Amino acid sequence: MTPGRPVPPPLAKPLPGTPPLPGTPPLRDASQTAPPALPRLAAAYGAKASDSGLVPLTVARRAPKDDDVEIAIEFCGLCHSDVHATRGEWGSQKYPLVPGHEIVGRVSRVGAAVDDFAPGDLVGVGCLVDSCRECESCLDGLEQYCENGMTGTYGAPDARNGDAITQGGYATSVVVDRRYVLRVPENLDPAAVAPLLCAGITTYSPLRHFDVEPGDVVGVVGLGGLGHMAVKLAKAMGAEVVVFTTSASKVAAARELGADGVVLSRDEAAMAAAGRSIDVIIDTVAAPHDLNPYFRTLRRDGALFQLGLPSGVMPPVNPGALIRRRIAYAGSLIGGIAETQEMLDFCAEHNVVSDVEVVGADQLNEAYDRMVAGDVKYRFVLDTSTLGTPSEKADA
Ligand code: NAP
Ligand code: ZN
Ligand code: ZN
């Protein structure tokens with residue numbers, strides 16, 4: 001265990017105009033690049049207001065520009081952040097809003113300068129679709145911490161596209177700059193890969209930052225979409241894993257996922273018994289909760305990474321709990337593009353995917369309610385073939 005790790009290399013720069021190697025087949029035929037490329041309408045589901053629920057919408061996708069990749073979306077995971085955002089729990093929001101940032105699909109068209117993706121490729125898009133590409137964080141491959149503000153996959157003004165508000169992956173297609181498109185390994189089930197694009201990378205990144213390795217004990221708080229990925233990834237890194245859950249019904253399920261220990265977090269005696277036993281905690285709870293009992297479970301030099309972003313205020317942290325064992329209380333936001341690709345390749349190598357329940361468009365509202373009630377094992381994924389066809393006029 002070595003807190004901190006080398007900064008990943010910068011996002012690979014394109015090599016425009018690089019001639020193809022002799023014998024390399026053309027990446028696209030003339031019909032796929034026939035100018036002028038036209039924008040397309042996509043069928044989608046999204047919110048019209050904070051209290052509208054999710055309703056059918058039509059979104060206009062831009063015609064692929066030179067560096068763009070157009071993706072025919074097959075699956076999109078449902079993240080608790082989608083619930084927070086569409087219901088306005090994170091403050092004012094522009095509507096209509098199509099959520100979704102766990103996108104998997106196949107490339108349908110590429111721009112003239114794209115030579116690293118071709119139609120038919122299985123690809124993914126996570127939580128960010130652009131960043132300034134110039135600041136220290138971007139140059140360090142940490143675009144999620146872009147000092148000029150990353151462009152989120154939905155609900156964000158898109159500076160390179162006239163400040164149009166981005167619309168996410170509960171849709172039949174999306175157009176994204178190639179620098180923010182991930183390669184999805186073909187050996188994994190695409191529906192079960194989708195949640196890796198947010199839940200997977202969000203938990204992988206702090207585990208890697210803490211340099212988790214065999215011999216470490218990882219605590220996972222909250223067994224939902226992020227939490228179950230944290231269990232699987234920490235196990236694949238060779239760690240011992242202890243799950244902290246509020247749900248007695250998840251004890252057996254946590255063990256089935258690979259947890260070595262399970263603690264019911266509302267049981268004070270069980271929490272006390274777990275004192276000073278954990279090296280790093282990945283806290284994924286989507287609601288305000290008291291962290292002090294968790295700090296007491298950490299060993300000296302332990303760390304608690306808070307990943308959940310509840311709308312309400314968290315109870316105060318007791319400084320003594322941190323000071324007495326040099327404990328770090330940290331946050332972590334998704335992951336950069338290079339690290340997300342690294343995570344996908346790690347998952348392909350270790351055969352790690354999400355446990356998913358695939359739903360159709362007409363089940364989205366029920367799925368949100370079930371997610372809020374903690375009734376999901378462990379990620380809902382939308383099958384976009386159920387979205388129907390776009391109407392003639394775009395809503396967004
Ligand atoms: P989720 O699937 O709904 O899981 C959250 C889990 O938290 C629940 O299953 C539940 O587990 C636990 N929990 C305990 N008390 C709760 C309560 N009162 N209300 C809700 N959950 C409670 O959510 P998720 O998609 O994993 O997302 C978790 C949080 O991370 C959200 O706030 C989301 O916005 C945030 N997030 C952050 C990042 C980032 O970059 N930092 C990225 C994605 C998501 P038990 O039943 O086991 O107690
Ligand atoms: Zn998410
Ligand atoms: Zn930047």
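Student: How many residues of strand 12 are buried?
Tutor: In this predicted model, 5 of the 5 residues of strand 12, residues 217-221, are buried.

Student: And which residues lie on one side and which on the other?
Tutor: V217, G219 and V221 are on one side, while V218 and V220 are on the other. Both faces of the strand are covered. As background, side chains in a regular strand alternate between the two faces of the sheet.

Student: Which way do strand 12 and strand 13 run, parallel or antiparallel?
Tutor: They run parallel, and 5 bridges join strand 12 to strand 13, residues 240-245. Within that pairing, G219 has V242 as its bridge partner. Between the two strands the chain passes through helix 5, in a β-α-β crossover that is right-handed.

Student: How many bridges are there between strand 12 and strand 15?
Tutor: There are 4, and this pairing with strand 15, residues 278-283, is also in the parallel sense.

Student: What stands opposite V220 there?
Tutor: I282 of strand 15 does.

Student: Turning to the ligand, which residues come nearest to ligand 1?
Tutor: Of the 30 residues around ligand 1, the nearest are H80, G222, G224, T245 and A287.

Student: Which helices each supply at least two residues of that shell?
Tutor: Helix 1 (80-86), helix 4 (199-209) and helix 5 (225-236) do. Helix 5 is also the helix of the crossover from strand 12 to strand 13.

Student: What is the make-up of the shell by class?
Tutor: The shell around ligand 1 has 14 nonpolar, 15 polar and 1 charged residues.

Student: Where does ligand 1 lie with respect to domain 1 and domain 2?
Tutor: Ligand 1 lies between them, because domain 1 (33-198 + 335-386) and domain 2 (202-331) both give residues to its shell.

Student: New topic: where is G312?
Tutor: G312 is in the loop between strand 16 (298-306) and helix 9 (319-323).

Student: Is G312 buried or exposed, and why?
Tutor: G312 counts as exposed, because it has 9 C-beta neighbours inside 10 Å and the limit for that class is 12 or fewer. Its C-alpha atom is separated by 9.8 Å from that of A286, with the two residues 26 apart along the chain.

Student: And what about S108, where is that?
Tutor: S108 is in strand 4, residues 103-110. With 18 C-beta neighbours inside 10 Å, S108 counts as partly exposed.

Student: Which residues is S108 in contact with, leaving aside neighbours within four places in sequence?
Tutor: The contacts of S108 are E70, I71, A72, P119 and S173. For D51, 57 residues apart from S108 along the chain, the C-alpha separation is 34 Å.

Technical notes: Residues numbered from 1 in each chain as written. Chains lettered and ligands numbered in written order. Predicted model: local features only at pLDDT ≥ 70, side-chain atom pairs only at ≥ 80, totals over all residues. Buried ≥ 20, exposed ≤ 12 C-beta atoms within 10 Å, placed from the backbone. Contact = placed C-beta atoms within 7 Å. Near = placed C-beta within 6 Å. Nonpolar A, V, L, I, M, F, W, Y, C, P; charged D, E, K, R; others polar. Domains from an automatic or database assignment. Pairing = 2+ DSSP bridges. Right-handed = clockwise from strand over helix to strand, strands pointing away.
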